[in-house]
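Morning, everyone. I have one chain to walk through today, so please have a look at the screen.

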Amino acid sequence: MHEADPTSQSNYLQIATKHITFDWTVDFDNKVITGIAAHDLIAKVDEVSEVIFDTSYLHIERVKVDGDAVQNFRLGPKHEVMGSALHVPLPRTLSSGSSILVEITYRTTANGTALQFLEKEQTQGKTFPFLFSQCQPIYARDLAPVQDTPSVKLTYSASVRSVLPVLLSARRISPPSDGPAHDGKIIGKDEVVYTYDQPTPIPSYLLAIAAGNLQYKPFQVPDGKQWKSGVWAEPELMDSSFWEFSRDTTRFLAAAESLAGPYQFGVYDLLVLPPSFPYGGMENPCLTFVTPTLLAGDRSLTGVVIHELTHSWFGNGITHAHASHFWLNEGWTTYIERVLLQIIHSPAHRGLSSVIGYKALLDSLALFEDKPKYQKLVINFDYGEDPDSAYSRVPYDKGANFLLHIERTLGGLEFFLPYVKDYITTYMGHSITTETWKNHLYAYFQKNGGEGQIKALNGIDWDAWLHQSGLHLPVEMEYDLTLANPANALADRWYESRHTTDISKLDFKGSDLDSLDANQRAVFLERLESYNEPLPAGHLFHFDKLYSFSKTLSTEIRFRFYALVLKSQAAMYFVQGVANWVIGVDDTGVIKGRMKFCRPVFRAIFKVNPDLAISTFRQAQTQFHPIAQSLIAQDLGLDLARM
């Protein structure tokens, strides 16, 4: 018995795509992709008479089945979330195991969410336009007609014509990545055909394309490794991007292999995107997309790369069957990311990451106080419900804490890591549900553990962790606070000083932060924000004068400082500067398109000055990614259709 994906209209349980061959042309003038998606499909049951694909905002021109034109294909009515189902009747009824080829000629349209075409002014170089995609969770259907469910894992190959360099979530066949940019042709003028192949099966949400004035620089790979790694960026960002990521990326990947087994995708490249990219990173296979907010200039934010490359095993390798089980991707990835921090650095670094994550989790749980369904790890989405509505830190940090709780319940990493390796070996390449994962966990320890460990597993409140809502975790977690303590102590000193009315008598100095790294500074600010009583306005003006948080180029630190002051009596003083910062009308000149920052910042501005929040968003709305536009509008109580 298979759980049907509540976000797909396709008939993937009857017949499923095995391979797609794309033949695309990127049309920057009209901001569309045109071409063909040729599906090799295999029937999974007998008496299959049609194939149903997910589409959204696609113009379907022609359909062929086994080379012959089909006249009576039809697009179903448009569903607000799931799009329009494309029904393709088959000329013969298929029996289980038989295959068929369906070729669909189509073009994308401007209304879709997956593709963002940027004007040249929105790029770093301001000379050429830019294109990038975001197909997770259910937007691959905006890019191509597909069975858009993580339950279907497929390989793909592609031929893409473009006047700008093209990158895909696959292995480059030609022209070579380390050859002349754009095969030596004139960028922006000459059309070049780029060919790619992805031989490892992936879910449709990992289909990805980017095109722009992009250059490549390889990283040094450890001896004995068969994979390649490097960074893609606009020329103007190449030096800073290479410096930021070249030291750590390949050693992080090597460390992940030592824990999880061989890296299966052959290439691990990073692409530094323009600032409208709505996430910190997106784990597209062979080509992780990252936000330029990671370019901190001190390598303090490269930990995001650990998270994204860990998806190579958890998400890209072992995949959630559908959106209800998304925590299997993000909870596992966040948990292993922190184990790797312990292996690469120290247990204290794992603890510090857990502390930061716990604060973000509490914020997310509070955000969904009126939507408790989204506080659960396993969310029973209604048919056609938008999974993006539930996007938060819950699957990441509630999931990671759940796995940490299981690890501790079973006796620690000594017992848990062998199970992790067996889990990877067993389900690599598969899409699974929470029930499948849990059954394997029990089966492993029944075979390899003892009665005590099964008894320990039975003692876990599975229902509370997986299926219940709440503003807190079912178990009070403890973390290694070695690195958090100095940050907390400084925050406590500030809080204890709040009744001192004479600012000149405060015993603080700019060098207070010298011994704290960027993550500890984040904890320091979060601790101050967590107190029931905010610091007085005078304290916060002095605070910023000492530490210059309102001028730091670190987006992570500035974001937390603004979160602190907008809850205080100093809010009216800072709120206009915060509004300018989030849309880049300030010293940074860069919009904060990453939803980790822009969504809570707009919500915070709204609480201080609703009119300013709405006018600021309207001023810069089109600069944000469509996903971010939709969710910010939702946060502010706006109807995008009427804007």
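I will go from the whole chain to its sheets, then to one helix and two single residues.

Some ground rules. This is a predicted model, where local features need pLDDT of at least 70, side-chain atom pairs count only at pLDDT 80 or more, and totals for chains, interfaces and linings use all residues. Residues are numbered from 1 along each chain as its sequence is written, and side-chain values use heavy atoms, with hydrogens and water left out.

Overall size comes next. The C-alpha atoms fill a box of roughly 85 × 65 × 55 Å along the principal axes. The radius of gyration is 25 Å, and a compact globule of 643 residues would have one near 26 Å, so the two agree. That radius is taken over C-alpha atoms, and the globule rule is 2.2 Å times the number of residues to the power 0.38.

How much of the chain is buried? Buried residues make up 58% of the 643. Buried means under 20% relative accessible area, exposed means over 50%, and partly exposed is in between, with a 1.4 Å probe and protein chains only. The accessible surface comes to about 25500 Å², and carbon and sulfur atoms own 49% of that. Those areas come from the Shrake-Rupley method with a 1.4 Å probe; for residues, only the protein chains shown count as cover.

Now contacts, meaning heavy atoms within 4.5 Å. Take the contacts with a separation of 6 or more: 72% of them join residues 24 or more positions apart.

On to secondary structure. The chain has 19 helices and 22 strands. These are DSSP runs numbered from the N terminus: helices are H or I with at least four residues, strands are E with at least two.

Sheets next. Two strands pair if DSSP finds at least two bridges between them. One open sheet has 3 strands in the order 3-7-6, paired antiparallel. Its edges are strand 3 (48-55) and strand 6 (74-75), each pairing on one side only. Strand 3 meets strand 7 (residues 84-94) over 7 bridges. At one spot there, Thr-55 stands opposite Ser-84.

Strand 8 (residues 99-108) also has partners. Strand 2 (residues 32-43) runs antiparallel to strand 8, with 9 bridges joining them. Ala-38 has Glu-103 of strand 8 as its bridge partner. Strand 4 (residues 58-65) pairs with strand 8 as well, antiparallel, over 7 bridges. There, Val-63 is matched with Ile-104.

Which residues of helix 4 are buried? Helix 4 (residues 303-310) is mostly covered, with 7 of its 8 residues buried. They are Val-304, Val-305, Ile-306, His-307, Glu-308, Leu-309 and Thr-310.

Two single residues to finish. Is Tyr-383 buried or exposed? Tyr-383 is exposed, because its relative accessible area is 56%. It sits in the loop between helix 6 (347-367) and helix 7 (394-409). Beyond its neighbours within four places in sequence, Tyr-383 contacts Pro-6, Ser-8, Gln-9 and Met-82. Pro-6 is 377 residues away along the chain, yet the C-alpha atoms of Tyr-383 and Pro-6 are separated by 4.4 Å.

Thr-555 lies in helix 15 (residues 555-565). Thr-555 is buried, because its relative accessible area is 8%. Again leaving aside neighbours within four places, Thr-555 is in contact with Thr-293, Trp-581, Lys-592 and Phe-597.
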